[in-house]
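The following exercises concern salt bridges, strand packing, nonpolar cores and local backbone geometry. Each task is followed by a worked solution.

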Amino acid sequence: MRITDLMIQETMIMDLQASTKDEAIDELIASLNRSGRINDPVLFKEMIYKREAESSTGIGGGIAMPHAKTTAVNEPTVVFAKSRKGLDFEALDDQPAHVFFMIAAPEGAGNTHLRTLAALSRLLIDSDFISQLMSTDTPAEVSALFDAKQAEAAEKEAAKEKAKAEKAANAASTFTTGQQQNTSGVIVGNANSEDFVVAVTACPTGIAHTFMAEDALKKKAQEMGINIRVETNGSEGAQNVLTADEIARAKGVIVAADKNVEMARFDGKPVLQRPVSDGIRKSEELIRKAVNGDAPIYRSQGGNAKEEGASAGKISVGSKIYKDLMNGISHMLPFVVGGGILLAISFLFEQLASPENPVVQLLQTIGGGTGAFHFLIPVLAGFIAMSIGDRPALMPGMVGGLMAVNSNAGFLGGLAAGFLAGYVVIGLRKLFKGLPKAIDGLKPILLYPVFGLLIVGAISFYVFDPIFGSLNTWLVDALGNLGTGNAVLLGLLLGGMMSIDMGGPFNKAAYTFAIGVFTSSGNTDGAWMAAVMAGGMVPPLAIALATTFFKSKFTEQERKSGLTNYVLGFSFITEGAIPFAAADPLRVLTSCILGSAVAGGLTQLWSINVPAPHGGIFVAALANHALLFLLAVAIGSVISGLILGLWKKSPTLVK
């Protein structure tokens with residue numbers, strides 16, 4: 001497939017008018033939308049910004065490659081654009097971007113499309129080619145240039161394949177490390193060099209940076225006369241996978257990746273772990289350090305990965321705790337949503353029929369305390385432990401969480417058990433480090449499980465369960481006995497927190513607190529769930545209202561995107577407001593926080609309970625005061641929508 005089959009001329013922008021990164025993204029998305037290549041501009045923009053949050057796609061050298069892989073895309077497309085004056089795209093080299101490639105890949109993109117996108121990415125390493133692109137004046141010239149360049153690359157590829165076949169036919173059984181073609185996975189570099197390194201490149205979407213980093217490392221290694229093998233972890237999965245022999249022979253390992261890759265195989269090797277962007281722009285530095293062994297030694301024991309050496313990266317204690325907690329919460333949420341929705345439906349059936357109805361009993365069994373909800377705290381604890389101590393910590397963490405459920409230590413006891421299990425396993429690794437290597441295989445299957453379970457179980461039984469059981473009982477009683485004023489203040493706080501970062505730490509903290517009280521109270525007290533659900537529904541609904549009633553303040557694309565937020569808001573999906581918050585954070589976040597806080601406070605003023613942890617308007621009928629709950633959401637949404645609509649400047653005036 002030709003690159004120009006994806007880079008269609010009708011979407012090209014030969015004179016980009018944008019002066020900021022946000023405006024450039026909007027202009028590129030608008031081109032995709034006009035051509036019918038995407039079906040949901042809001043979702044696509046959200047996914048573009050999600051990728052930007054990982055690391056800027058302004059790769060330097062005057063190039064920016066914003067990209068996303070999502071169901072919002074109808075057909076794989078690359079939008080080419082030029083900006084003669086350039087603009088700040090937060091590039092890695094702090095230089096303005098002049099050439100833009102917005103890649104839109106559908107969720108089920110075929111291998112042919114993905115390989116074509118990889119070929120495009122590799123071409124952009126060539127600075128001479130970029131200069132030629134900048135000199136084009138029409139879409140036809142751009143297409144012709146890409147076709148010529150791809151044909152030239154195909155000819156070189158064919159010549160290399162022919163040379164490789166001739167060499168294989170005449171070669172003896174001796175292994176040679178001569179220069180070979182870049183995409184076959186064969187070692188490239190210098191046949192006479194003994195310096196050999198291996199590398200892995202990967203980015204979250206796997207459609208651009210992965211292959212640019214691969215090509216940059218190979219080209220630089222060839223210039224330096226160093227042999228290299230590069231494995232790519234793209235959208236098609238791992239390609240050119242490194243062999244055990246190659247890893248053993250390598251002087252060093254480069255992992256240029258923005259997502260997790262298989263690391264245990266590098267145990268005992270000097271490993272440089274860097275962002276994928278460093279593989280593109282700092283390839284010479286990485287290769288030189290890898291060859292010289294100037295990298296921390298990577299250790300993997302029983303599935304636990306760590307680095308030894310002065311250059312090993314460190315993160316703050318707070319960041320580490322947050323990361324571990326989020327790992328537990330992210331794995332717990334499917335149980336919350338799935339079990340919660342089924343439980344909510346059972347409550348609805350119960351009102352229409354009776355508690356003895358077979359459908360009611362089935363749904364409550366599947367979703368309730370003996371089904372999905374029974375796993376909430378064990379899963380939370382287990383995956384917190386796994387984030388800290390890796391796989392050996394999962395089992396003792398889950399058992400500690402289960403003991404917390406059975407002893408009434410509840411959510412707090414489960415949290416403590418999860419962190420305890422993780423650090424107990426780390427301690428056991430250090431304790432058993434001096435044992436003979438002959439019994440290394442017994443550590444993960446015998447020593448860690450037995451001693452980890454014993455220690456975590458004993459501490460949970462004698463310390464955590466009594467302490468947190470009493471504390472949990474006190475907390476539930478105290479919340480139940482809050483006066484109206486204090487309850488309203490807490491409702492204001494929880495509701496406002498749902499809008500501060502829309503899915504980030506504050507949002508998750510408020511939701512986690514409500515879930516903790518919800519599960520600890522026997523799934524009957526949904527007062528705080530009402531506050532966080534109302535607060536979380538306000539931002540997307542406010543955006544929808546503002547774009548509907550203050551149309552002149554928004555672009556045509558934003559108005560269309562705003563309609564989607566009605567559905568997202570009704571469904572309690574706060575993240576629908578993220579693209580708008582990213583484009584205008586001060587006005588959007590401030591207005592949403594105020595409205596969410598009011599909605600959360602009103603639920604407590606009116607003593608509203610929602611006995612379901614998710615569902616939005618679809619579980620509103622289960623509330624003890626359903627109409628008041630909807631009124632609280634409506635009031636908060638109108639307040640936020642009015643503030644945003646009145647405060648926001650017209651598109652041409654936004655600074």
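Glu52 and Lys21 are both buried, where buried means under 20% relative accessible area, exposed over 50%, and partly exposed in between (1.4 Å probe, protein chains only). The model is predicted: local features need pLDDT of at least 70, side-chain atom pairs count only at pLDDT 80 or more, and totals for chains, interfaces and linings use all residues. Residues are numbered from 1 along each chain as its sequence is written, and side-chain values use heavy atoms, with hydrogens and water left out.

**Exercise 1. Salt bridges of Lys21**

Task: Determine which side chains form salt bridges with Lys21, and state where the partners lie.

Solution.
- Step 1. The criterion for a salt bridge is a side-chain nitrogen of Lys or Arg within 4 Å of a carboxyl oxygen of Asp or Glu.
- Step 2. Glu52 satisfies this criterion with Lys21, the closest N and O atoms being 2.7 Å apart. Because Glu52 lies in helix 2 (residues 41-54) and Lys21 in helix 1 (residues 21-34), the pair ties together parts that are 31 residues apart in sequence. Helices (H or I, at least four residues) and strands (E, at least two) are DSSP runs, numbered from the N terminus.
- Step 3. Glu90 also meets Lys21 in a salt bridge (3.2 Å, N to O). This pair links distant parts of the chain, 69 residues apart, with Glu90 in the loop between strand 4 (77-87) and strand 5 (97-106) and Lys21 in helix 1.
- Step 4. The relative accessible area of Lys21 is 9%, so this residue is buried.

**Exercise 2. A salt-bridge network**

Task: Describe the contact between Lys220 and Glu223, and identify the network to which these residues belong.

Solution.
- Step 1. The side chains of Lys220 and Glu223 form a salt bridge with an N to O distance of 3.0 Å.
- Step 2. Both residues belong to helix 6 (residues 209-224); being three residues apart, they are separated by about one helical turn.
- Step 3. Glu223 has a relative accessible area of 60% and is therefore exposed.
- Step 4. Through shared partners, salt bridges join Lys220, Glu223, Glu284 and Arg288 into one network. The structure holds 17 salt bridges.

**Exercise 3. The environment of strand 7**

Task: Are the faces of strand 7 covered or uncovered, and how many bridges join this strand to strand 6?

Solution.
- Step 1. In strand 7 (residues 227-234), eight of the eight residues are buried.
- Step 2. In a regular strand the side chains alternate between the two faces of the sheet. Here one side carries Asn227, Arg229, Glu231 and Asn233, the other Ile228, Val230, Thr232 and Gly234, and all are buried, leaving both faces covered.
- Step 3. Strand 6 (residues 196-202) runs parallel to strand 7, and seven bridges join the two; strands pair if DSSP finds at least two bridges between them. Val200 has Glu231 as its bridge partner in strand 7.

**Exercise 4. Nonpolar cores**

Task: Identify the residues with the most contacts in the largest nonpolar core, and the element that gives the most to this core.

Solution.
- Step 1. A nonpolar core is a set of buried Ala, Val, Leu, Ile, Met, Phe, Trp, Tyr and Cys residues joined through side-chain atoms within 4.5 Å.
- Step 2. The largest nonpolar core has 39 residues, of which Leu494, Val532, Met533, Met537, Val610 and Phe629 touch the most other members.
- Step 3. Among the elements that give two or more residues to this core are helix 10 (317-352), helix 16 (484-500) and helix 18 (527-549). Helix 18 gives the most, with ten residues.
- Step 4. Another core, of 27 residues, lies apart from it and includes Leu120, Leu133, Cys203 and Met212.

**Exercise 5. Helix 21 and positive phi angles**

Task: Compare the span of helix 21 with its expected value, and locate Ser607 and Asn240.

Solution.
- Step 1. Helix 21 (residues 585-605) has 21 residues and reaches 30 Å from its first C-alpha to its last, close to the 30 Å expected at 1.5 Å a residue. The expected span is 1.5 Å times one less than the number of residues.
- Step 2. Ser607 follows helix 21 and lies in the loop between helix 21 and helix 22. Although not a glycine, Ser607 has a positive phi of about 55°; its relative accessible area of 48% makes it partly exposed.
- Step 3. Asn240, likewise not a glycine, has a positive phi of about 55°. Asn240 is placed in the loop between strand 8 (237-239) and helix 7.
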